Amino acid sequence: MTDQNWSILIPEIFLFIWALFIFGLDLGIKRKNPKILGYSAMAGLTITGILLAIFNGGILFKGMFQSDQLAIFFKVIFIGSAFMAVGSSFDIASEKIRHHRGEYYGLILFSTVGMMFLSSASELITLYIGMELTTIPLYVLAAFYKDDKLSVEAGLKYLIVGAFSSAILLYGLSLLYGLTGTTDIVTMKINLSLVFLSYGKIGPGLILAMIMVIAGIGFKLALVPFHMWAPDVYQGAPTPITAFLSVGSKAAGVVAFARIFVNGLIAFASDVMKPLDWGIIVAILAAAAMILGNITALRQRNIKRMLAYSSIAQIGYVMVGMVAASELGIASVGYYMFIYLFANMGAFTIATIFNDKTGSDGIISYSGLSKTSPIFAAYMSIFLLSLAGIPPLGGFAAKYLVFAAGIQAGYTWLVIVALLTSVVSLYYYANIIKTMYFSAEEPTIKIHPSFPANLVLLISVIGIILFGIFPGPILDWALESAKIFAF
Amino acid sequence: MELAIFYISAIVAAGGALMMILQRNPVASVLYLILSLVALAVLFVQLSALFVGSLLIIVYAGAILVLFLFVIMLLNLRGEKFTSEKPILDKGTKITLVVLFFMELVILIKQMAFPQRMDSLMTQASPDFGGVEPVATLLYTKYLYPFELTSILLLVAIVGAVIMAKRDKNEEEGER
Amino acid sequence: MNQTLFLIPLFPLIGFLLNGLFLGRLNKKLISLIACGSVGLSFIVGLKMFFQLISLPENTRAIEEILFTWIPSGEFVVSFGYLFDPLSAIMVLVVSGVGFLIHVYSVGYMHDDPGYGRYFTYLNLFIFAMLTLVLANNYLLMFVGWEGVGLCSYLLIGFWFEKKSASDAGKKAFIVNRIGDFGFILGLFIIFWNVRSLDYNEVFVRAPEVFALGGGLITAATLLLFLGATGKSAQIPLYVWLPDAMEGPTPVSALIHAATMVTAGVYMIARSNVLFMLAPSTMTVVAIVGIATALLAATIALAQNDIKRVLAYSTISQLGYMFTACGVAAFAAGIFHLMTHAFFKALLFLGSGSVIHALAGQQDMRYMGGLKRHMKTTYVTFFIATLAIAGIPGLSGFFSKDEILWKAFSSNQGSIWIWLVALFTALMTAFYMFRLVFLTFYGQERMDHHTKEHLHESPKMMTVPLSILAVLSIIGGYVGIPHILGGGNQFEKFLEPVMKGVHHGGEEHALASSGHSAGTELTLMFGSVALILVSIYLSYYLYVKNVALVGRLRNSVSGIHKIIYGKFFIDELYNAIIIRPLVGGSLFLWKIVDVVLIDGVLNGLAILIGDVSLGARKMQSGQLRRYATVFLAGVVIIIGYFALR
Amino acid sequence: MVPMPHYLILSALLFAIGAAGVILSRNLLIMFMSIEVMLNAANLAIITFSRFLNVMDGHVFVFLVMAIAAAEAAVGLAMIITIFRNRGTIDADKFNLMKW
């Protein structure tokens, strides 16, 4: 334990302490002014981001904690999604959440801490704990409206399916441990190649382990067929939490997936390794996710459920980049998640604001929004069009890169499926735009978001447009972060 | 001898688990689960995992499952009926699914190739293998970091459990 | 080089942003000033660049400006840049020029519409997207514009969304175009995959090395690109959206669905001529689809009574012409026709808009007639445009259409059959266009009294653009006078640097490349003109003279009149032998092929996906155990499939 | 010495029984206990591997898994209490307000 650079833990430790501080603050201000809590949570996240920029690069605990570029890239996404979730929570925090406001924000921060630890984990035990640390606060947050039947039901469903998947994941991890004799991902890679070299083959036990790990992480990603919980939970949970689930928690799943599969089991991602090729498994699941997600989204009338199916489909696109398992593939996944952060958080923020005002999540109630709140209708259109992948918004460049990576890696059929389904997807995204702009019904609702929500929306719109037209900086960074894997 | 202990424990563990899911009364379920866990602890000890085995009894059977019992008492669930009106077909499909799952697991586990040293080292473990001290040493040195992470996790769980289980009085109405 | 190119699309973008941000808060004058001014400025810059371009030596006529690297990632570099070469120069001038006139016209036409600001916002966005499409220096940026114009088209078709038919039409256009776009981007991926670049320069230089002539890959790629083009440019089988698109405001039909956006497909194929020339079988498909569309649409147009629908089918038919030209490797002729068509078809649409305006929204020709007395300017300009589209010598349409006919006949890829069908289509075009003119402007005034009293010529804002377009419709063809008439075809020469895929023999190609003599060309030219004149006369006879005869006949009691006016039997004969089957066939095509078959297939597809969607929803039963079961089943199936095989 | 596959197959059996409990039982508490069984099946596998690999890292893993299971159980039971207060039942099939 000598000459270790402990300072790289500072962002995580700070955020943890800040969450405790918010618990205390809630007691201190006697629950009078909910805004202070929200602002301090946002401030804490901002400071964490700054600290992350200062203290990074290095490994701790014999490599169990790695502050490499990939971790930092995704930590920025986590912090960003938490920031936006907090920002869009101001209205519900003052009206719907009467109790435990401090805990509400504190748990968001805790979950973010969990994600940050998870993204830095390069060892199975830490990874598993990071995963639980991410998820357990989210169980509670999903059920945070304790008087609301839907919210509690959402929390319960999330919890049961989550615990179930966590057990499956654990079993998979235990098999990996047994097969390789180690919990360290890099050593695991070495041991596997040793076994391969000495025996000339690796038994099908490995594929069992891989499938169970895919299932466990697939739960977090809401990958078909491990997605069933998602629509219900997304619908019932408080909307900012839904947004956080759909972005932060998914990004955490993505990074965990990348760590285990792209870093540890990279050798088994090609046709040569049949039948141990995890690439084809994930490719089929991704195709299923794109098809099922997009098609089911077509007939949804609730915007949160629609966005749930849409995010099931979106993760399918992300996985196209993942199965490519190349530098471009991982970079495109990073870029995709970055744009997805803006687009999805933005869309959910609008849904939150709208729900505050009208109490409705029905798509039909967005009728004529363009007349009363033209700016927000325009924002929403930008988010949805970016999700659909319309140029020149960020979503287009993201899809382009992911598809290019897929084609480069030889998954042409998958890219064709992705293209076809994205044609379908545009229909339901455009349907909302149509409802907002082309509805003959007289609109009555005018939405006035609070300042932080406005800020979130503005950041998202600027992010989508700016990084859509100039993807350079983000992409370079993502490429840099992809370099940590030796391809 | 060892084999006999294994089989007895295995049967008790599996049977306990099976009985647990077949019970209608949750209290009985918990008791069967405790039985199953005790048998499992015996196997742990047989595998030279003395420390973890005893933890299984102390922590799992002693604390977690008691928590379950508390909750059952608290909710006073005696009266609830879970009469099955589901078609038998549904149940049959599910059972088939589980049996298939088990068969797949068995087939694949039997075909597993393990690292070379595993075959050679199936011998007597060193006397303090799995004892309190070596495990604790590992925990506080090599695995200090996940250990500390777990403490955060427990804190989060406490906060979460309190928030969830607490009955909120609507006192704030007046304040606002 | 000083960078001025990016200004061309920048102005409409600024206009869009200004109008979009202050939506509805500006007064109408300011809105129209911003909207028209921005497009006008684009046109001026375009003109300046054009003169800069022709001052360059012929072989270096291309100005490229790379603004920045758009997607930089290793070998997948895509730059964000504009390319101004002869082809895009023509497109820019047409788009911004015609666009400007239509903007001005719209100021008058949309004056009382509550969505005035919104309208111009969309319109400016459209111009921006269209200019991006034609100025792009790579396929990806072109796709950006391609999607952008599609979006604007969707927004503008559904502009009067209170009408269900309008929003349905928007939806239809949207779905159909998505199918095309899917093909387009898939084609791009094939190109990208093999050439590793999407920049025009690199693609066109490297494509002949990478792809084998007539190879499967290049054929697939070009076919997919062509699928994209059929969507955007309304060709078989994806043409069905265009007639419905007429639900949009008339200036929109003029700008987007006649003059500019729908020609994007032709532009794209002309731009990719190098690729298409590598795939002869695709060329054949293009030519056949083009000519079949031209024929089908012209036949359908014969029996339509809605003035805008006739024009819509006519547009499809003319686009088919352009594709035929591309298909026989006469890309320059295709672009030539694109340009002249932009002039006269925009004029026709605007003229019909003027008519509809005067008749308070009436679009049915059966309730028009006799308008030439009331609307002098509209009538004259409309008539000029009709002459142009019919291909009367001296007007722009003659030169471009004749060029296509001749190329269809003489080119290596062409054949006499294509020429014959094209000629027949031309005859029908002349017929139905004059039918349109006669029904609208001649004969009795069949509208109701109320409307009749309010008949008026449109305001200056509308008639001035009409006049300018009329002038263009006349003189627009003189840039491309064929060799045979002593012109030297400046237009084709101008485009030559872009058409690298076509082997240019210069003079000899145009004259007698395949052994056809100048005499043949002249004969064909005069022959077709004569036939067209006959066709016009037939139309005149049936819809002007005959109408009067029928009227008198109805009044007469005596059967003797029938003999006296024995001519009438000939008319009847004509009617029975020629017109009836033609009209009947036309109706049949419209009802069966268009409405039932193609619409049915498309709608069926949509319904099918919807049903699947419903079914997929049902899987989500809301029960926790079901979710866990599916989860486990997923694991079991995946293990079963992958681990145990 | 009991051969390793014996332990592993027992662990697989326990895991399958646990999974059966989750998908078959309608009582939330029993579902939750079944998940505990699944976790312990995994624990058994880890301990087995640890023994036959002759390294104790697995013991640490199991130790930490127990802590995680405790945390999960605490939150889970609290959630069950909440939903019982909210709906007056812990029948898993009754919670289907959200579907399709």
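The expected span of a helix is 1.5 Å times one less than its number of residues. Helices (H or I, at least four residues) and strands (E, at least two) are DSSP runs, numbered from the N terminus. The model is predicted: local features need pLDDT of at least 70, side-chain atom pairs count only at pLDDT 80 or more, and totals for chains, interfaces and linings use all residues. Residues are numbered from 1 along each chain as its sequence is written, while chains are lettered from A and ligands numbered from 1 in the order in which they are written.

**Exercise 1.** Work out what span helix H9 of chain A should have, and compare it with the model.

*Solution.* Start with the helix: H9(A) covers residues 205-221, which is 17 residues. Next, apply 1.5 Å a residue, which gives an expected 24 Å. Finally, look at the end C-alpha atoms: they lie 24 Å apart, so the two agree. You can also check the surroundings: 17 of the 17 residues of H9(A) are buried (20 or more other C-beta atoms within 10 Å of a residue's own, with C-beta atoms placed from the backbone). After the helix comes A:Ala222, with a positive phi near 60°.

**Exercise 2.** Describe the fold of chain D and decide whether chain D is spread out or a compact globule.

*Solution.* First, list the elements: chain D has three helices and zero strands, in the order α-α-α from the N terminus. Second, compare sizes. The radius of gyration (taken over C-alpha atoms) is 17 Å, well over the 13 Å from the globule rule (2.2 Å times the number of residues to the power 0.38) for 100 residues, so chain D is more spread out than a compact globule. Third, check the box: along the principal axes, the C-alpha atoms fill roughly 50 × 25 × 25 Å. Last, look at burial: 77% of the 100 residues are buried.

**Exercise 3.** Find which helix of chain B gives the largest share of the side that touches chain D.

*Solution.* Begin with the totals: 68 residues of chain B are in contact (C-beta atoms, placed from the backbone, within 7 Å) with 63 residues of chain D. Then go through the elements that give two or more residues, among them H1 (2-22), H2 (26-46) and H3 (50-75) of chain B. The largest share, 13 residues, comes from H3(B).

**Exercise 4.** Name the helix of chain C that gives the largest share of the side touching chain A.

*Solution.* Here 44 residues of chain C are in contact with 52 residues of chain A. H26(C) provides the largest share, 11 residues.

Terms used: Contact = placed C-beta atoms within 7 Å. Buried ≥ 20, exposed ≤ 12 C-beta atoms within 10 Å, placed from the backbone.
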